[in-house]
Amino acid sequence: MNPRWDHLLLDCTLATLAGESGYGMVEHGALGWRNGVITFAGPMRDLEDAPDALAGQVESVHGALVTPGLVDCHTHLVFAGDRADEFEHRLQGESYQTIARAGGGILSTVRATRAASEQELLAQSAPRARALLREGVTTIEIKSGYGLDLDTELKMLRVARRIGSELGVTVRTTLLGLHALPPESRDRREEYVAQVCDEWLPRVAGEKLADAVDAFCEGIAFAPEEVRRCFRRARELGLPVKLHADQLSDLGGAALSASFAGLSADHLECTGAAGVEAMARAGTVAVLLPGSFYALRETRLPPVDALREHGVPMAVATDLNPGTSPLRSLRLAINMACTLFRLTPEEALRGTTVNAARALGLGDRGALAPGRRADVAVWDARKPAELAYWIGDSPASRVFTGGIARG
Ligand code: NIG
Ligand code: FE
């Protein structure tokens, strides 16, 4: 008889994240899948047959913690060069905004990214993705935004897609054309915004190179009205939106994203009550980015209590980028979300699984339940709180992406 399932893990300490709250713990659990889709997640005693009769490959994980594969729902990991010199300047007292206004910051990464060939860009970026994968990440969002001209933006998005196919990880790409005003457009702001909306968006949508559209709504970047123009165009093209919102000042970014039924509003350190309420009504996910809060030595905390009170789903991501968050560890982001933002370890795990998937519009993953994708991480740990507790050196012991074991 042919076994019904491809793979069956036994003696798991499952944190399924399958319910509306709680870890969804199952002690002495089993997890089975077939064709990359979970077929069983529950107590071993509920298996209807002998394991060998149920699946082609059967293995015990000897009580190890098993969670959904982690989802890093906000990264800028495709870029060339680094900004270690800027880090030194900031330590000497220069602010992120001053450096940006003087043509450094994002624009210095733009220069390096434009100059890199597609192959070089891939060679520099793939190791950053690999670092995330070692820690149990099975889905990564990657933004463009260091090209700021069409060719380089397309090059970044292609590199992001290649990381997905070459590393065997799901990559969701996001066009971030309104990230900074490129130097050649300094006196032609309106023209640049028009170009992004009327040329780049249709092109990127036509080539299916982006799954979503993002913008940086900030005094040093783009105004709410410019973002709205871009989001209206995205909506016409059927692309969902998300927004870098209220990071350094409150320009009403959270409410703006919500008004377009945004998948997420991200950062949110300066978001007020109206923004939180708008997000709750729209079901927009709050993506918290403790890496940039930490690296910029911010002191204003995102409104976690209000988000919680209003039932806004919270996600946690690395924001991996060369300027404000050179953080190549989602596990460390989980720890920081707890220590700096006072999330519970359960909220932080939910924020890097089921809620992070939701911030990408992916309802097919982020929990261990029949019908969901078999994206699975096995940990050298017994309790889910350990994922938030240990700091450093925390690779996953086994990872399955769409049911396939990662080497
Ligand atoms: O998410 N805020 C805008 N974008 C990035 C920073 C990019 C950079 O400084 O290179 C962020 O923090
Ligand atoms: Fe970001």
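Cys73 is buried, its relative accessible area being 0%. This residue of the predicted model takes part in no disulfide, for the nearest cysteine sulfur, belonging to Cys338, is 15 Å away. Cys197 is likewise a buried residue, at 1% relative accessibility. The sulfur nearest to that of Cys197 is the one of Cys230, at 4.8 Å, and Cys197 is in no disulfide. A pair of cysteine sulfur atoms would have to lie within 2.5 Å to count as a disulfide, and a search of the whole structure finds zero such pairs.

The metal site comes next. The iron ion (ligand 2) has as its protein donors the NE2 atoms of His74, His76 and His244, together with an OD atom of Asp319. These donors lie 2.1 to 2.3 Å from the ion. Along the chain they follow the spacing H-x1-H-x167-H-x74-D. Within this set, His76 and Asp319 link distant parts of the chain, being 243 residues apart. His76 belongs to the loop between β6 (70-72) and α2 (84-91), whereas Asp319 belongs to the loop between β13 (314-316) and α13 (330-339). His76 counts as buried, with 2% relative accessibility, and Asp319 is buried as well, with a relative accessible area of 1%.

His76 also leads from the metal site to the internal space of the model, since it is among the residues nearest the centre of the largest cavity. The structure holds two cavities of 30 Å³ or more. The largest has a volume of about 100 Å³ and a lining of 14 residues. Besides His76, the residues nearest its centre are Tyr96, His179, Asn321 and Thr324. Sorted by class, the lining of this largest cavity comprises eight polar, four nonpolar and two charged residues.

The second largest cavity encloses about 50 Å³ of space. Its lining includes Glu141, Asp211, Lys242 and Arg172, and the class count for this lining gives four charged, five nonpolar and two polar residues. Also lining the second largest cavity are Thr173, Thr174, Ala212, Pro240, Leu263, Ala359 and Leu360. Strand β8 (residues 170-178) gives the most to this lining, with three residues.

Conventions. Residues are numbered from 1 along each chain as its sequence is written. Chains are lettered from A and ligands numbered from 1 in the order in which they are written. This is a predicted model: local features need pLDDT of at least 70, side-chain atom pairs count only at pLDDT 80 or more; totals for chains, interfaces and linings use all residues. Side-chain values use heavy atoms; hydrogens and water are left out. Buried means under 20% relative accessible area, exposed over 50%, partly exposed in between (1.4 Å probe, protein chains only). Donors are N, O and S atoms within 2.8 Å of the metal (3.2 Å for Na, K and Ca); water is not among the atoms, so sites may look incomplete. Helices (H or I, at least four residues) and strands (E, at least two) are DSSP runs, numbered from the N terminus. On a 1 Å grid over the protein atoms alone, a cavity is a set of points where a 1.4 Å probe fits but cannot get out, and a pocket is an open set with protein on both sides within 12 Å along at least five of seven lines; lining residues have an atom within 4 Å of a point. Grid points are joined across faces, edges and corners, and a volume is the space filled by probe spheres set on the points. Ala, Val, Leu, Ile, Met, Phe, Trp, Tyr, Cys and Pro count as nonpolar, Asp, Glu, Lys and Arg as charged, and the others, Gly among them, as polar.
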